[in-house]
Amino acid sequence: IITMNHNSENKSHELSPVCPDVQVHESSQLLENQVVIEQQQQQQQQHEKKRKKKSRGNRQLQPQLTNDVIVQTKHENEEEAEVFDIDCQIEPLFPLDDITKNKTDQMNMNKRKRETKVTTTAEDTMLVKSFSQASISQPTTKKKCRSSKQQHSNAETKPNHTLKNNSDKTWKDLPDYLTVPDDVFKRNLLNQVTGDQTIISQWLEDHSILQYAWKYASLTNQISYLKMAENFMEFYTSTAMEEINWLSVAPKTMMTENNMNWIYCKTEKNIHQRRMSIQRQLHVVTSKLDEHLQQRPPVLLTRKEPTTIDINMSILSVAILAFVHKGQQRLRDRFQEREAALKLDVKDARLVQSFYKLNPTEEQIRSAKVIWQACIDEQKAKEEVSILKQRLSTQRLSPSYGLLDHSIDNLERILAQPGFQQDKRAYFNSSRQKLITQYKYQMMTLTIQATEDLKSLDEIADNEFQTIRSKTTACLGDHYTSASDEHAKEFFHLIKTRLYEFRSAPLSHKLMARAKHENQLVLSIQRKLKKANAIIRRTDKSKIFYICSSEEFEQKAIDYMKKTGAYQQITNAINPLGNIRHLITNLLDNLKEKKSITNEQWKNMLPNLRNCELPHLYFIPKVHKINVPLRPIMSFKGSSAINISKFLNDLLAPIHLRVARKTTYISGTDLIRQLENYRNSSRLQSTTLFIIFDVTDLYTMIPRDGALDALARFLNKYSNNRKIGNLSIDTILRLSRMVLDTNYFAYNAKYYKQIRGGAMGSPFTMVLANIYMLDWEQKLIEDQESDKELYGRYIDDVFMTTNLSRADIIKRLDEANNKDPNIKITYTVQSAVDFLDVAIENKDQKLITSVFHKPAAESCVLPFSSDHPRYTHRNTIYCGLLRAVRFCSDVYHFDHERFNFELTLIMSGYPLSFINLHFKRFFEANKAMNVWKHIDDNTYQQLHRKLLYQSTRN
């Protein structure tokens, strides 16, 4: 696998991107060109340092500088300083392309203010040829003080940039070889003339002809660049069309997930648009050039003789073409580099495409991504070493080393004091510079060694893996599990793969900052909790956190375990996981041998050895109840019996729901439908009472033997030939007993066994509790049916209606409460009750229902700023209004709920315009705008009945 690192450093002298679809690739040749350009910049800066510093003495005694002297001096400096360089930076021409590079304008200084100090570029920190003798401090431009008179005279006599100022307003976007002063441009152009340069030199003496030639060169440069861009797009189309078609239908994350450096056009449409854009620009520039050539320059009248010289356009054209061709040499090299880089990118894309055509597994995809990332990291490390070695060979330092010149000590300040002799000061200063230079050299050498000795991804992952493997092997040995079987080998292979993934996928800067902030926040909370000896827990049926003393919480947990008597501690302190897994495996093997279960059922119920673990118990506080009792939750996800528990739940839950559907409330909408039918049948009287009760600790209090007996009666009653599907009743009971007998868990570093009820967290526990409750509630159901009253249950909560007296109904409830010592109920008998999320009231034989919000419930919905698709927020509004219409029996309760829901949306960040828009759509879709605008009860009643009986998933 060959991958190239396309990320290159942005140098001040490098070419800005020629096309937004292309990226510069680093190469050794570029490094050499970089060094040459850096040396030329250093020579120019050393030349500027040689300029004499202006006097800061008495200005009246200084000789007055005339305009002639200023002009003469400026011309001399420019002739010495301006040197034509064929490797100067070439910048694209069109501002419309994403290729322009703006240059900073020079700042006009006010009177008696110093010019802005010119800071050196990132590459101007340089080691001189002798490491032992030279200073490596960065050169800085001397400050200059210019008077307004000098500035004015210079502005009047400065003729050098008139070509660019007058000819083209976009001259700042031109390459450097076209932005040089006029005399340098003329000299460079003459150098491209073969033969006698006298004639063309005479032509260029005239300013209008010089301006004509410059505009000619500028347009020729643009045409040449556009043709190269067009050729590159043709090369791109012919080379990568197959990859373009593949990427146009591939997922957007394909490139980032597989480390593909594909920055080009990704569809044929993009390519066509790009080529058409280039052709349009080329047509415009060609038209401009034709117009310019038709504007033939005027016949030149020589100054010495009253004769005319006719300009030979063929000579001028040849010179300009040669001039532009030489100036664009680096541009052509860059296009060639991009073509070579494109070929490598196409190879990478073909590799990824071929890999995915093989339909690899998720594990193989992860491994391939790790390998590709490792190749990229290796190339980056090699590139860094190459750059550092090149800097050493050219005696150039990284800009960051310039900070060491003045940050190591305060010796400069000491040497500046007048107490030192000149010779001593020079000695100390020289010694200091030698030490700093040697230190910088040693630091760069050490950096190269550290980079080359950097451990590879394989070595780091192997070291971490060996540590984890040794600890895991020791743990498996303590529990009599071999580390050499197939399951252990698969586990260790997965661990090693995950380590590679974590090492090869660094966090982004934003996520890293967030992770650090959250880590500090968590550590701060932990310190405060430890200092206060407190704990923090999430709560039941709410989104708040509960904080209390550790001793208080632990005491509540102990009291609950003692009160229920459902838990027994294992005193031998041996992990029962291995024994549980052995018992389950033997039972399933035995059932399979007797053909009581199929081979597929056997596979589905076997323990998952890869993630098998002992369940653990934890408690969450119920803050919505008095004294904040605790709810026990057992984490059953990795239990050995989880697969059997899921199988039994999937087998029995549909049968129970079908049998108990008439006496089961599945939602608040279902409850309201039955209540309105109850009212419409004239059974709702002014004396009608509503009863609600809940079973205390249902899951942990049902007796194990009693629950299995109830299950046996249920199976005998609703089975077909004593079978449920292909399983006999005896097989189902054996599987059920196994689930109950293997309810072992860990709590506070101790092992326990649940000896009563079922584990909250086991799927089978709910269906077993429902079947036990169905058996227990049969007497109540028969009494309610005889009285033509409602009875319905939702897990451990029951709702009933009655027209009996309060004393009679309480007597009936007490009889049910004393029927089974394991089932204890807490009941309420009122004319107004709250059940599920519905508030119910009988007000003078009028049924009133509305939405009930529990005191612990928070007024919030899905935040508008969440990353969910926008239709999710629209559905949030629709479902909230639908729930309000179904639950509220009259328009006034609905309007109150609508107002509260609107406030909730606003608090959750929903814009008012968004809320109003979708409120309006809801009422318009249901033809009920009068409900929203005029609170019309008649229209609302029609809307309520329509939506209440509308089909729903519930």
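**Exercise 1. Establish whether Glu-676 is buried or exposed, and work out its salt-bridge setting.**

Step 1. Glu-676 is buried, because its relative accessible area is 5% (buried means under 20% relative accessible area, exposed over 50%, partly exposed in between, with a 1.4 Å probe and protein chains only). A note before we go on: this is a predicted model, in which local features need pLDDT of at least 70 and side-chain atom pairs count only at pLDDT 80 or more, while totals for chains, interfaces and linings use all residues. Residues are numbered from 1 along each chain as its sequence is written, and side-chain values use heavy atoms, with hydrogens and water left out.

Step 2. Look for the partner: Glu-676 forms a salt bridge with Arg-679, with the closest N and O atoms 3.8 Å apart (a salt bridge is a side-chain nitrogen of Lys or Arg within 4 Å of a carboxyl oxygen of Asp or Glu).

Step 3. Place the pair: Glu-676 and Arg-679 sit three residues apart, about one turn, in helix H23 (residues 668-680). Helices (H or I, at least four residues) and strands (E, at least two) are DSSP runs, numbered from the N terminus.

Step 4. Check the other end: Arg-679 counts as partly exposed, because its relative accessibility is 30%.

Step 5. Look further: Lys-779, Asp-783, Asp-787 and Arg-812 are joined into one network by salt bridges that share partners.

**Exercise 2. Describe the salt bridges of Asp-670 and Glu-552.**

Step 1. Asp-670 pairs with Arg-661, their closest N and O atoms being 3.3 Å apart.

Step 2. Asp-670 counts as buried, since its relative accessibility is 8%. Arg-661, at 33%, counts as partly exposed.

Step 3. Glu-552 meets Lys-556 in a salt bridge of 4.0 Å, N to O. Both lie in helix H19 (residues 550-564), four residues apart, about one turn of the helix.

Step 4. With 39% relative accessibility, Glu-552 counts as partly exposed.

Step 5. For the overall tally, a search of the whole structure finds 17 salt bridges.

**Exercise 3. Find which residues have the most contacts inside the largest nonpolar core.**

Step 1. The largest nonpolar core has 64 residues, and those with the most contacts inside it are Leu-588, Phe-693, Leu-735 and Ile-823. A nonpolar core is a set of buried Ala, Val, Leu, Ile, Met, Phe, Trp, Tyr and Cys residues joined through side-chain atoms within 4.5 Å.

Step 2. Helix H27 (residues 763-776) gives the most to this core: nine residues.

Step 3. Take Ile-823 and leave aside its neighbours within four places in sequence: among its contacts are Val-695, Tyr-772 and Trp-776 (contact means heavy atoms within 4.5 Å).

Step 4. A second, separate core has 59 residues, including Trp-203 and Ile-365.

**Exercise 4. Test the span of helix H11 against its number of residues.**

Step 1. The expected span is 1.5 Å times one less than the number of residues.

Step 2. Helix H11 (residues 329-357) has 29 residues, so it should span 42 Å; its end C-alpha atoms are 42 Å apart, which agrees.

Step 3. Just after H11, Asn-359 takes a positive phi of about 55°.

**Exercise 5. Locate Thr-904 and decide whether it is buried or exposed.**

Step 1. Thr-904 belongs to helix H31 (residues 891-907).

Step 2. Thr-904 counts as buried, because its relative accessibility is 11%.

Step 3. Not counting residues up to four places away in sequence, Thr-904 touches Ser-859, Cys-860 and Val-861.
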